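Thanks for coming, everyone. I'd like to walk you through a structure that is new to most of you. Have a look at it first, and then we'll start.

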Amino acid sequence: MNVLDLYQQAGAYHEGHFLLASGRHSPKFLQSTTLLQHPHLTEQIGQALAQRLKDTGVHADLLIGPAMGGVVLAYETARHYGTRAIFAEKDGHGGMKIREAFTIKPGETFIAVEDVLTTGGSVLKAVRAAEAAGGHCAAIACIVDRRPVEGDLEGYPLVSLTRLVFDTYAPDEVPAWLAAIPLQEI
């Protein structure tokens, strides 16, 4: 599966000057919400991610995604993985919480699912919320790993469909050629 091709088909791959959720600037951006609004593409992504998890031997009782971006992806991946899906939502204090209607039994294992991993901040907040509820994180899974360095994320095994490393810059390190392009906040 060519993941970048799916983003391009959906009109979800953009070039310009973007301020990412991480606070970093980038000349390229993947808009997963544009991709994931297409059920046939979302099904392909969820099926491929579930298969990748199975192929790597990761077992979990449930999948969790950070709201809002990880909700659809966690659900579709869980559908093909054969388990249930829940989501973590913002708690109003900079972290995330598990909605009262969802239960995680002590010791249950979970996989945290994210669309695009740049720094891992959002998905790690979901992991911490699920761990606080008694769960154990078996792995983190994503469509695209954008991090400059490959490997685990804070000790959690990482499974991705692809790695696409686009340059990103701290606000005080934005090169002149990029600064000349109007900034778009995401």
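Let's begin at Thr83. Thr83 sits in the loop between α4 and β4, the strand of residues 84–90. Keep in mind that this is a predicted model. Is Thr83 buried, exposed or partly exposed? Its relative accessibility is 21%, and buried would need under 20%. So Thr83 counts as partly exposed. Which residues does Thr83 touch, once neighbours within four places in sequence are set aside? The contacts are Ala60, Asp61, Leu62, Leu63 and Ala78. One distance for orientation. Thr83 and Val159 are 76 residues apart in sequence, and their C-alpha atoms are 17 Å apart in space.

Now step back to the whole chain. The secondary structure comes to six helices and nine strands. Along its principal axes, the C-alpha trace spans about 50 × 35 × 30 Å. What about the radius of gyration? For 186 residues, a compact globule would come out near 16 Å. The chain has 16 Å, so the two agree. Buried residues make up 49% of the 186. And look at the contacts between residues at least 6 apart in sequence: 61% of them join residues at least 24 apart.

UniProt has a domain entry here. The unreviewed record lists "domain: Phosphoribosyltransferase" at residues 33–157. That span is 36% helix and 27% strand. Its end C-alpha atoms lie 25 Å apart.

On to the largest pocket. It holds about 770 Å³ of space. Which elements give two or more residues to its lining? They are β2 (25–30), α2 (32–35), α4 (69–81), β6 (109–117) and α5 (121–132). In total, 33 residues line this pocket. Nearest its centre are Ala21, Glu114, Asp115, Val116 and Ser122. By type, the lining divides into twelve nonpolar, 15 polar and six charged residues.

Where does UniProt place its binding sites? There are two sets to look at, both from an unreviewed entry. One set holds Lys90, His93, Glu114, Asp115, Val116, Leu117, Thr118, Thr119, Gly120, Gly121 and Ser122. These are spread over 33 residues of sequence. They are spread in space as well, with up to 23.2 Å between C-alpha atoms. The lining of the largest pocket includes Lys90 and His93, along with Glu114, Asp115, Val116, Leu117, Thr118, Thr119, Gly120, Gly121 and Ser122.

From that set, take Gly121. Gly121 lies in helix α5. At 32% relative accessibility, it is classed as partly exposed.

The other binding-site set in UniProt is a pair, Thr118 and Arg146. They are spread over 29 residues of sequence, yet they cluster in space. The largest C-alpha distance is 4.9 Å. Both Thr118 and Arg146 are in the lining of the largest pocket.

Let's take the pair one by one. Thr118 is in the loop between β6 and α5. Leaving out residues up to four places away in sequence, Thr118 touches Leu20, Ser22, Arg146 and Arg147.

Arg146 is in a loop too, the one between β7 and β8. Is Arg146 buried or exposed? Its relative accessible area is 4%, so Arg146 is buried. What surrounds it? Beyond four places in sequence, its contacts include Leu20, Ser26, Lys28 and Phe29. Val116, Leu117 and Thr118 are also among them. So are Leu164, Val165, Phe166, Asp167 and Thr168.

Last topic: backbone geometry. As a rule, most residues other than glycine have a negative phi, and most peptide bonds are trans. Here are two places to check against that rule.

One is the bond between Ala67 and Met68. That peptide bond is cis, with omega about 0°. Met68 lies in the loop between β3 (62–66) and α4.

The other is Glu154. Glu154 is not a glycine, but its phi is positive, about 50°. Where does it sit? Glu154 is in the loop between β7 (136–145) and β8 (158–163). Its relative accessibility is 56%, so Glu154 counts as exposed. Arg146, by contrast, is buried at 4%, and that residue is also placed in the loop between β7 and β8.

That's my tour. Questions, please.

Technical notes: Residues are numbered from 1 along each chain as its sequence is written. This is a predicted model: local features need pLDDT of at least 70, side-chain atom pairs count only at pLDDT 80 or more; totals for chains, interfaces and linings use all residues. Side-chain values use heavy atoms; hydrogens and water are left out. UniProt positions are given in the numbering used here, feature names are shortened, and annotations may be inferred rather than shown by experiment. Helices (H or I, at least four residues) and strands (E, at least two) are DSSP runs, numbered from the N terminus. On a 1 Å grid over the protein atoms alone, a cavity is a set of points where a 1.4 Å probe fits but cannot get out, and a pocket is an open set with protein on both sides within 12 Å along at least five of seven lines; lining residues have an atom within 4 Å of a point. Grid points are joined across faces, edges and corners, and a volume is the space filled by probe spheres set on the points. Ala, Val, Leu, Ile, Met, Phe, Trp, Tyr, Cys and Pro count as nonpolar, Asp, Glu, Lys and Arg as charged, and the others, Gly among them, as polar. The radius of gyration is taken over C-alpha atoms; the globule rule is 2.2 Å times the number of residues to the power 0.38. Buried means under 20% relative accessible area, exposed over 50%, partly exposed in between (1.4 Å probe, protein chains only). Contact means heavy atoms within 4.5 Å.
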